[in-house]
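Dear colleague,

I am passing on a structure that you have not worked with before, and I would be glad if you could look it over before reading my notes. What I found in it follows below the entry.

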Amino acid sequence: MDLVKNHLMYAVREEVEILKEQIRELVEKNSQLERENTLLKTLASPEQLEKFQSRLSPEEPAPETPETPEAPGGSAV
């Protein structure tokens, strides 16, 4: 019984470490995207922002959605 318990605990610890690493990577990616989004908002002209907001108004998107259409322009920067 102890052997099974030890094996399960080892497997769970291993999985927890993998998940912690994935969380770290996702947090880093999220921070990078937030910085990019802020930069794109800063660089966009008022006309571009207005045009973009008019497209988004009916949908009420999540906060990360605004960077998607602007990303191609931002990747050239």
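**Confidence and overall make-up**

Please keep in mind that this is a predicted model, in which the protein averages a pLDDT of 82, with 74% of the residues scoring at least 70. That confidence is not spread evenly, for helix α1 (residues 2–43) has the highest mean, at 96, while helix α3 (residues 67–75) has the lowest, at 48. I would therefore read helix α3 with caution, since pLDDT is the predictor's confidence in each residue.

As for the fold itself, the secondary structure comes to 3 helices and 0 strands, and the elements follow one another from the N terminus as α-α-α. Of the 77 residues in the protein, 12% count as buried. The protein exposes about 6700 Å², and carbon and sulfur atoms supply 60% of that area.

**Salt bridges in helix α1**

How many salt bridges does the structure hold? There are 2, and I describe each of them in turn.

In one of them, the side chains of Glu21 and Arg24 meet at 2.5 Å, taken from N to O. These two residues lie 3 apart in helix α1, which means that about one helical turn separates Glu21 from Arg24. Glu21 counts as partly exposed because its relative accessibility is 35%, and Arg24 is likewise placed in the partly exposed class, with a relative accessibility of 42%.

The other salt bridge joins the side chains of Lys20 and Glu17, with a distance of 4.0 Å from N to O. Here too the spacing is 3 residues within helix α1, so Lys20 and Glu17 are separated by about one helical turn. Are these partners buried, exposed or in between? Lys20 is partly exposed, at 41% relative accessibility, and Glu17 is also partly exposed, at 46%.

When you go through the model, you may wish to begin with helix α1, where the mean confidence is highest, and to turn to helix α3 afterwards, where that mean is lowest.

With kind regards

Conventions:
Residues are numbered from 1 along each chain as its sequence is written. This is a predicted model: local features need pLDDT of at least 70, side-chain atom pairs count only at pLDDT 80 or more; totals for chains, interfaces and linings use all residues. Side-chain values use heavy atoms; hydrogens and water are left out. Helices (H or I, at least four residues) and strands (E, at least two) are DSSP runs, numbered from the N terminus. Buried means under 20% relative accessible area, exposed over 50%, partly exposed in between (1.4 Å probe, protein chains only). Accessible areas come from the Shrake-Rupley method with a 1.4 Å probe; for residues, only the protein chains shown count as cover. pLDDT is the predictor's confidence in each residue, from 0 to 100.
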